[in-house]
Amino acid sequence: MIKPIDGAALEAQRRSIKQVRSLLDAEYAASGRRRTALIETYGCQQNEADSDRMRGMLEQMGFAPAADRQQADLIVFNTCAVREHAELKVFGNVGALKARKAKNPRFVLGIAGCMMQQPHRVEEMLKKYPQVDFILGTGTFFRLPEAVLSALTGGARQAFIESETSAIPEGLPVRRESPVRAWVTVMYGCNNFCSYCVVPYTRGREVSREAEPIVEEVRGLVEQGYRDITLLGQNVNSYGRGTAGGLDFSDLLARLDAIEGDFWLRFMTSHPKDATPKLFETMAKGRHIAHQLHLPVQCGSDEVLHEMNRRYTVAQYRELVAQARSLMPDLTLSSDIIVGFPGETEAQFEDTLALVREIGFDSLFTFAFSRRKGTRAYDMKGQLSTAEKKERLARLMQAQQEVSLRRNRLLLGKELRLLVEAPGREQDSLLQCRTEGGKLCYIPGPHSLIGQFVTARVTQAKTFVLYGELAGS
Ligand code: SAH
Ligand code: SF4
Ligand code: F3S
């Protein structure tokens with residue numbers, strides 16, 4: 001069984017935190033200026049959750065948050081490897097910091113995350129980018145204090161990498177970006193090996209946290225005023241394997257649902273092969289569980305699904321959606337789709353388009369297939385050109401936009417419960433709110449409502465956002 005990070009390793013980090021803290025405090029006393037740090041996160045919420053912990057450690061080390069890249073004395077890029085595009089962006093950003101490091105040797109640059117779980121990327125980073133001070137893997141990010149201390153005291157450049165998840169990062173400080181929404185990882189890694197996907201290689205095998213620390217974390221968040229809590233895992237439905245408590249994901253949800261307070265509980269991602277009627281029943285019965293489901297279908301052709309190693313058919317997917325919707329008629333449903341998988345024919349792509357229209361997803365994350373080194377699909381025959389993939393992606397997005405608008409219009413005139421998250425980004429007089437289904441909705445109202453649930457009537461429905469008014473106003 002994989003256990004939490006052992007006490008001695010945590011203690012070593014605490015010592016490093018203290019040492020950095022006294023260095024930075026002395027510097028602050030002399031100069032009146034606190035060093036600032038920035039974590040820039042790429043990829044999925046799993047990385048966001050890891051970044052929250054790195055931010056927590058940086059805060060304890062005595063760094064103030066940096067407003068932007070330009071002002072930061074320390075930057076960590078927490079990287080993603082799921083598509084080439086994300087990787088190229090990181091190389092571009094690291095490249096642009098070369099001059100900064102040359103001018104200011106006190107500037108510290110670290111790279112963490114999934115990209116650094118690939119040996120060829122680590123080698124490239126160390127060889128071509130001397131401005132990088134340290135590298136952390138997905139299972140070693142908790143060693144950030146040690147890495148920072150070494151960088152600040154003139155230590156050699158270092159890569160802290162382990163090939164497998166070897167410890168669950170319990171007991172680390174956390175600094176969350178939003179005072180209202182929080183991520184809670186319930187399981188790490190993935191065992192599914194979808195043939196296109198690099199995640200099982202970068203995040204290692206599935207490991208679930210014990211239920212108790214999860215329940216305690218969620219209870220604590222609710223007490224602190226968090227109102228929108230998302231449980232995270234690459235495949236939350238296989239939660240529980242190998243834990244002492246032996247709860248499955250539905251049991252865990254039910255335990256969390258029993259927590260008193262006013263909050264929404266969401267989760268992602270559910271793999272269709274493991275989603276069960278028990279899960280939908282638990283959601284439907286829950287007091288706090290949002291009627292929202294992210295259920296990635298990936299494509300609408302059985303042959304392609306088979307090649308992707310997804311282990312369900314289109315018919316089975318349809319049946320799942322029907323079950324979920326019959327128990328929760330107000331369900332908000334989203335999905336992921338990859339176009340241009342090797343060998344995908346025009347007819348198979350059209351099957352995907354037809355499925356998207358038939359199911360009527362509220363929203364869709366759409367991707368052009370990207371060849372990932374080490375995955376089975378990398379060498380498959382029938383690779384499509386970039387132009388072909390782009391063309392299919394554009395047609396899929398167009399189809400989905402029509403569907404999203406159709407789905408959003410169904411909400412016109414309805415009164416919805418909204419969570420007020422933040423001031424509106426573009427118009428300060430509007431408040432940014434979230435529906436139970438996770439949709440964005442803007443309403444006019446005072447900033448004092450931030451962090452509260454309100455009831456509002458939807459007055460305008462667009463493709464990506466809703467607008468509304470407080471009920472009774
Ligand atoms: N565990 C989650 C997804 C993690 S990655 C799940 O199974 O749904 C998020 C999404 O990125 C995937 O659902 C898939 O649609 C997309 N993706 C993964 N690998 C990809 C690749 N090589 N090319 C294009 N898209 C990819
Ligand atoms: Fe990747 Fe498939 Fe695992 Fe999701 S379930 S992380 S797509 S291998
Ligand atoms: Fe990317 Fe790693 Fe998440 S590869 S999608 S950041 S698990």
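Begin with the lining of the second largest cavity in this predicted model. Select Arg53, Pro169, Val184, Thr185, Tyr188, Arg209 and Glu217, the residues that line this cavity. By residue class, the lining divides into three nonpolar, one polar and three charged residues. With the side chains displayed, Pro169, Val184 and Tyr188 can be coloured as nonpolar, Thr185 as polar, and Arg53, Arg209 and Glu217 as charged. The space that they line amounts to about 30 Å³. A search of the whole structure finds two cavities of 30 Å³ or more.

Next, select the cysteines. How many disulfides does the count give? The count comes to zero. Cys433 serves as a worked case: the closest cysteine sulfur to its own is that of Cys441, at 5.9 Å. A disulfide requires two cysteine sulfur atoms within 2.5 Å, so the sulfurs of Cys433 and Cys441 are too far apart for a bond. Is Cys433 buried or exposed? Cys433 has a relative accessible area of 0% and is therefore buried. Move then to Cys197, which is also a buried residue, with a relative accessible area of 15%. The cut-off for burial is under 20%, so the value for Cys197 falls within the buried class.

Turn now to the backbone, and select Met268 and Thr269. The peptide bond that runs from Met268 to Thr269 is cis, and its omega is near 5 degrees. Strand S11 covers residues 264-268. Thr269 itself is found in the loop between strand S11 and helix H10, the latter covering residues 277-285.

For the last stop, display the loop between helix H11 (302-307) and helix H12 (314-327). Which residue in this loop has a positive phi of about 60 degrees although it is not a glycine? The residue to select is Asn309. Its relative accessible area is 23%, which places Asn309 in the partly exposed class.

Keep the loop between H11 and H12 in view and select Arg311, which lies there too. Arg311 is not a glycine, yet it has a positive phi, of about 65 degrees. What is the exposure of Arg311? With a relative accessible area of 48%, Arg311 is partly exposed. The exposed class begins over 50%, so Arg311 does not enter it.

Note on methods: Residues are numbered from 1 along each chain as its sequence is written. Chains are lettered from A and ligands numbered from 1 in the order in which they are written. This is a predicted model: local features need pLDDT of at least 70, side-chain atom pairs count only at pLDDT 80 or more; totals for chains, interfaces and linings use all residues. Side-chain values use heavy atoms; hydrogens and water are left out. Buried means under 20% relative accessible area, exposed over 50%, partly exposed in between (1.4 Å probe, protein chains only). On a 1 Å grid over the protein atoms alone, a cavity is a set of points where a 1.4 Å probe fits but cannot get out, and a pocket is an open set with protein on both sides within 12 Å along at least five of seven lines; lining residues have an atom within 4 Å of a point. Grid points are joined across faces, edges and corners, and a volume is the space filled by probe spheres set on the points. Helices (H or I, at least four residues) and strands (E, at least two) are DSSP runs, numbered from the N terminus.
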